[in-house]
Number of protein chains: 2
Amino acid sequence: MGTTKETIKKAAINLFYKKSYFATAMSNIALDSNIRKASIYHHYASKEDILFDILMTTMSALDAYIDNCLKGVENIENRMRAAVRAHVKFHCDNQKEVLISDTELRGLTAKNYKAFVALRDAYEKKFQDMIARGIDQGYFAAGDVKVISYAILTMCTAVANWFKPDGRLSGDQISTIYEELVVTRLLKESLPIHSLKTPVVRE
Amino acid sequence: MGTTKETIKKAAINLFYKKSYFATAMSNIALDSNIRKASIYHHYASKEDILFDILMTTMSALDAYIDNCLKGVENIENRMRAAVRAHVKFHCDNQKEVLISDTELRGLTAKNYKAFVALRDAYEKKFQDMIARGIDQGYFAAGDVKVISYAILTMCTAVANWFKPDGRLSGDQISTIYEELVVTRLLKESLPIHSLKTPVVRE
DNA sequence: TGTATCCTACCGTCCGGTAGGTAGAACATA
DNA sequence: TATGTTCTACCTACCGGACGGTAGGATACA
């Protein structure tokens, strides 16, 4: 069951996900937490404080998860593989939280907004640095690093939009497909048209 | 200037984009339209009716735009190129509307929700059909059509999240980059690692 | 005179948040 | 062991204000 604060947070995550932040009332959260509305204010200073807590812990968890998955992986291509796999897996396993992180930033005041965006920018920079390094070292095809990083990150993030926990494919399976799509296709130069039909002999 | 209804709609688009649907009050829309709140109800039956109008006209316009861009294009690879280019261009040119379409569906009642999703599904099916056909004909590398279509569509749709009208790249330039990324990379088999450094002689 | 358009004034409801209090565990003093 | 104090966690009851929407009248143009 966990602490009352965790119960409140979990209820808020479900409601923000289902109804959106602004459409969710404190009384809704209270009801789902089996608590009176005023009691929430013993654990959180305001409604926004709940949202901010969700956003920051989710972003921090994502960042820590990726760092852990990259630990000890040296080769840049393998690092990119691990990063994509971790990012997609996290977005399958924490679907509601990351969707809130994507759509409810407008519920934050300027100060909290800046704090969150700083975390997010630092996270995205890790991908941009990897891509730039991979291009430098000749592992990845040349291109606009900013645009390629946006393409990869948004595509992997959006998995949270369509992933279904009880669907045809598991989070692990989707991670594997995306790892391949990104690292062996999107980041590489392609073979010419119709080369697939007639195998090409190299070297 | 246009009709009063168009003024209201335009004000609503700006506000829904900036503050979100639920955080926007009818009085806000009235203020930005230089009209009294009650007057809005002469043109729209309810707040949701405004949202529904925005969503449906945007989705219909996107669908019509893509159809027009594909007219007369026969070769499947060129069709895919045209489709990606059109999709990205539309999402740059109608940034606010498509972002609302992506995030504010929870503001719709069940009936309206179904009507919108039907349009969207039909649109997405066009891409899935193209990808399946391209794979069949050997133009595109084999893979999970559903997942690949999601990857492509979400990546192209998300351009609306980061595109800046006065930024470094124009909508046309970004469309060109994405056209290449999707059709000559993501949909193709790649060359082996480091092949970029030493050119490969084929056939 | 009829109709479309817009207005002022108002309704009931729900919102985020607060005031102030109670039950009970923890602890210190004697 | 008995008694007073403090703290956490929760409660009931309420506040001012904003919300979406409505009733019914004024204006303007055909």
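Trainee: What makes the residues of the surface near DNA strand D nonpolar, polar or charged, and how do they divide?
Mentor: They divide into six nonpolar, seven polar and three charged. Ala, Val, Leu, Ile, Met, Phe, Trp, Tyr, Cys and Pro count as nonpolar, Asp, Glu, Lys and Arg as charged, and the others, Gly among them, as polar. This is a predicted model, in which local features need pLDDT of at least 70, side-chain atom pairs count only at pLDDT 80 or more, and totals for chains, interfaces and linings use all residues. Residues are numbered from 1 along each chain as its sequence is written, chains are lettered from A and ligands numbered from 1 in the order in which they are written, and side-chain values use heavy atoms, with hydrogens and water left out.

Trainee: Why are residues called near DNA strand D, and which of the 16 come nearest?
Mentor: A residue is near a strand if one of its heavy atoms lies within 4 Å of it. Of the 16 residues around DNA strand D, the nearest are A:Arg36, A:Ser39, A:His43, B:Met26 and B:Lys37. Of the atoms of DNA strand D that come within 4 Å of the protein, 57% belong to sugar and phosphate.

Trainee: What makes the pair of A:His43 and DNA strand D a polar contact?
Mentor: A polar contact is a pair of N or O atoms within 3.5 Å; within protein, one must be able to donate a hydrogen and the other to accept it, and residues adjacent in sequence count only if both atoms are side-chain atoms. An N or O atom in the side chain of A:His43 is 2.8 Å from a phosphate oxygen of DNA strand D, so this pair is a polar contact. For the side chain of A:Thr4 the distance to a phosphate oxygen of DNA strand D is 3.0 Å, and for that of B:Lys47 it is 3.0 Å.

Trainee: Which element supplies the largest share of the surface near DNA strand D, and what makes it a helix?
Mentor: H3(A) supplies the largest share, four residues. Helices (H or I, at least four residues) and strands (E, at least two) are DSSP runs, numbered from the N terminus. Helix H3 of chain A spans 37-43. Chain A has 10 helices and zero strands.

Trainee: How do you know how chain A and chain B are related?
Mentor: Copies are superposed by least squares on the C-alpha atoms of residues with pLDDT of at least 70 in both. A turn of 180° and a shift of 0.0 Å along the axis lay chain A on chain B with an RMSD of 0.0 Å. The two copies are therefore related as by a two-fold rotation axis.
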